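Let's take a look at the charged pairs in this one. Have the sequence and the model open as you read.

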Amino acid sequence: MIALSVNLNKIALIRNSREGNHPDVVAHGRVCLDAGAQGLTVHPRPDQRHIRPGDVRQLAELCRDREGIEFNVEGNPFADPLQDYPGLMSLVLETRPDQCTLVPDSNDQLTSDHGFDLKRDGARLEPLIARLKEANIRVSLFMDPDLEQIALAKDVGADRIELYTGPYAEAVSSQSTDVESIFAAHCAAAEQARQLGLGVNAGHDLNLINLPRYRTLPGLQEVSIGHALTVDAINMGLDNAVNAYLNCLSGN
C-alpha cells in the first residue's frame, strides 16, 4: 500500500491572499484525513508565503490525535529564522512530526526543483539528521535519482529518500521521448535505496495522469501531492479528489 500524504501548502496560499482564516488549513486537513489520506505534509518557508508556524503546530496536534496518521514537515534545515519563523529545525523539534523531509530549497525559489548535493552538504546535514533521529523523527532527504548521491544519503544517516519527480512529470506532460529513460533512472534509484535499507518516497508535480505509471516504482512507500490535488479539488471537491488519488495509488 502506497501512502498518500496530502500537501496543504496551496490551501494556505489561498488563505494568505486575504485577511482572516478562510480557507481554514486545519479544517481542510481534517477533510483529507476523513476521506482516507494516510498523512498530511507541509513545507513551511521563512517568508511564510503559505504554511505558517502556527499551522504546523495545529496540524501536528490534528495528526497526533489520529491513530495511523503521519505528519510530514518539509523544509530547508539551513534557512535562518525570520521574524516569527523559528527555523525548520526548531519548529520540527518542537512539534515532533512523524517524518521530516529535508529539502535544499533557497528562500527565493518558487518551489523545490532539485535534490541535495551530499558531496557538498553531507557533513553539515549529518549532525542535524542525528538530532532529528534522537527525537524519534524519521528523516527523509529530497534527492535526484543519482545513484552516487543516494549512497551518500545512507552514509549521512537518512532513513528514507524522497525522489524529486518534477522532470518525470514534465516529460509525461510534454510527451517527451525522455520519459522512458527518466523513469528507468527513478527505478534504478529506488532499487539502490532499497538495497541500502532506505525507504522510498516521491513527490513533485505528480497527478492523476502521471501517477499510474509512477506508482509501479519498486518499493514506493509514500507520495506527497499538493498542487495537482488542490486543482482537482476545485473541479471535484476535496474529499472526491483525495479518493481519486487513493484509487489511483491502489490501481483502481
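## Salt bridges overall

There are 12 salt bridges in this structure. Keep in mind that the model is predicted. Three of the pairs are walked through below, followed by a small network.

## Helix to helix: E94 and R57

E94 pairs up with R57, and their closest N and O atoms sit 2.7 Å apart. This one connects distant parts of the chain: E94 belongs to helix α4 (residues 88-95) and R57 to helix α3 (residues 53-64), with the two positions 37 residues apart.

How exposed are the partners? E94 is partly exposed, at a relative accessible area of 46%. R57 is partly exposed too, at 34%.

## Strand to strand: E70 and R138

E70 and R138 bring their side chains together in another salt bridge, 2.7 Å from N to O. Here the link runs between strand β3 (residues 70-75), home of E70, and strand β5 (residues 138-143), home of R138; the two are 68 residues apart.

Is R138 buried or exposed? R138 is buried, with a relative accessible area of 18%, and the cut-off for buried is under 20%. E70, at 26%, counts as partly exposed.

## E148, K119 and a network

The E148 and K119 side chains meet in a salt bridge as well, at 3.0 Å from N to O. E148 is in helix α6 (residues 147-155) and K119 in helix α5 (residues 118-134), so this pair ties together parts 29 residues apart in sequence. E148 is partly exposed at 47% relative accessibility, while K119 comes out as exposed at 58%.

Finally, R120, D121 and R124 are joined into one network by salt bridges that share partners.

Note on methods. Residues numbered from 1 in each chain as written. Predicted model: local features only at pLDDT ≥ 70, side-chain atom pairs only at ≥ 80, totals over all residues. Heavy atoms only, no water. Salt bridge = Lys/Arg side-chain N within 4 Å of Asp/Glu carboxyl O. Helix = DSSP H or I, 4+ residues; strand = E, 2+ residues; numbered from the N terminus. Buried < 20%, exposed > 50% of the residue type's maximum accessible area, 1.4 Å probe, protein only.
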